[in-house]
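Here are a few exercises to help you find your way around this protein. Try each task on the structure before you read the solution.

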Amino acid sequence: MKKVKILVMLVVVAVLAMVMWAAPAQAARIFIDFGKPGDYAANLSPDTSGRYWNQGSTTEVLDQWGQLKDFPDTGFILTNAVDEDNVATTVDVNILDGLRFTSMNIGGLTSSTITDWDANVTRDSWWIRTADGTIPMRLEGLGANEIWDLTFYGSYDGGDGVSRRMDVTIGATTQTYDAAPLEGMTTFTGVTADANGYITVDFACDVDGTYAYLSGMEIVLVPEPATLAVLSLGGLFTLLARRRRA
Ligand SMILES: [Ca+2]
Ligand SMILES: [Ca+2]
């Protein structure tokens with residue numbers, strides 16, 4: 001009987017070792033700040049919680065009124081994003097051909113009550129109007145079929161009583177957050193990247209005649225089944241060890 005238990009434990013250890021060897025080390029969490037780098041809200045990276053942020057774009061171009069904005073209408077606004085520990089990843093953010101974010105605003109909160117994100121992130125935003133249509137943003141460089149949780153946040157502290165509702169659509173699911181008054185956010189859980197390692201996110205203004213704001217974004221890699229297997233095997237191992245001692 002004792003021999004059987006030892007054999008079982010040896011098998012568990014062997015499987016555990018194989019699974020751990022097969023599980024790649026992956027960046028787990030990436031933060032992106034949309035707005036204006038430098039001039040309006042100083043970039044703090046790492047932030048006061050010790051996390052590193054990516055700036056949505058450092059390309060300065062003019063909007064339709066000749067005002068300076070800091071992102072191109074289409075194309076990559078971020079390549080090789082760093083993770084929260086400032087380690088470079090393969091993750092890119094690409095605004096696909098078509099419509100675009102209109103411009104930027106610095107009217108967001110300087111102190112959030114629904115996130116622990118700094119003023120650098122919450123104060124400045126990219127915005128759109130209904131007339132801007134749907135803006136497709138594609139996350140690229142993800143692992144094929146990887147599962148991610150995606151959080152979108154907007155803030156507008158103007159106090160004009162007008163909503164800033166953003167419709168965010170991924171696949172067949174649309175979720176909405178309202179950046180006004182003050183702030184709002186929404187999280188998609190368990191979004192699967194396609195075989196190319198892409199996740200496409202569509203942004204659109206929810207209420208005609210108003211605006212919609214995007215101030216910051218967080219994407220988190222959900223542990224792979226292999227990692228979960230390691231955790232559950234670890235639990236099994238502990239259980240066996242306990243039974244053995246009993
Ligand atoms: Ca900022
Ligand atoms: Ca921002």
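**Exercise 1. Find out how far along the sequence the contacts reach.**

Keep in mind that this is a predicted model. Take the contacts in the protein chain between residues at least 6 apart in sequence: 70% of them join residues at least 24 apart. Next, look at burial: of the chain's 246 residues, 33% count as buried. Finally, go through the secondary structure, and you'll get three helices and 16 strands.

**Exercise 2. Work out the strand order of the six-stranded open sheet, and say which strands stand at its edges.**

Start by walking across the sheet: the order is 5-6-9-14-11-12, with antiparallel pairing. Now check the ends. Strand 5 (75-78) and strand 12 (173-178) each have a single partner strand, so each has one side without a neighbour in the sheet. As you step from one strand to the next, the twist averages 30 degrees.

Then zoom in on one pair. Strand 9 (residues 135-140) and strand 14 (residues 199-205) run antiparallel and are joined by five bridges. For one of the residues involved, L139, the bridge partner in strand 14 is I199.

**Exercise 3. Locate G161 and decide: is it buried or exposed?**

First, place G161: it sits in the loop between strand 10 (147-156) and strand 11 (165-170). Second, count its surroundings: there are 7 other C-beta atoms within 10 Å. A residue with 12 or fewer is exposed, so G161 is exposed. Last, look over at A180, which is 19 residues away along the chain; the C-alpha atoms of G161 and A180 are separated by 7.7 Å.

Key: Residues numbered from 1 in each chain as written. Chains lettered and ligands numbered in written order. Predicted model: local features only at pLDDT ≥ 70, side-chain atom pairs only at ≥ 80, totals over all residues. Pairing = 2+ DSSP bridges. Helix = DSSP H or I, 4+ residues; strand = E, 2+ residues; numbered from the N terminus. Axes fitted to C-alpha atoms, helices over the stretch in contact; angles between N-to-C directions. Buried ≥ 20, exposed ≤ 12 C-beta atoms within 10 Å, placed from the backbone. Contact = placed C-beta atoms within 7 Å.
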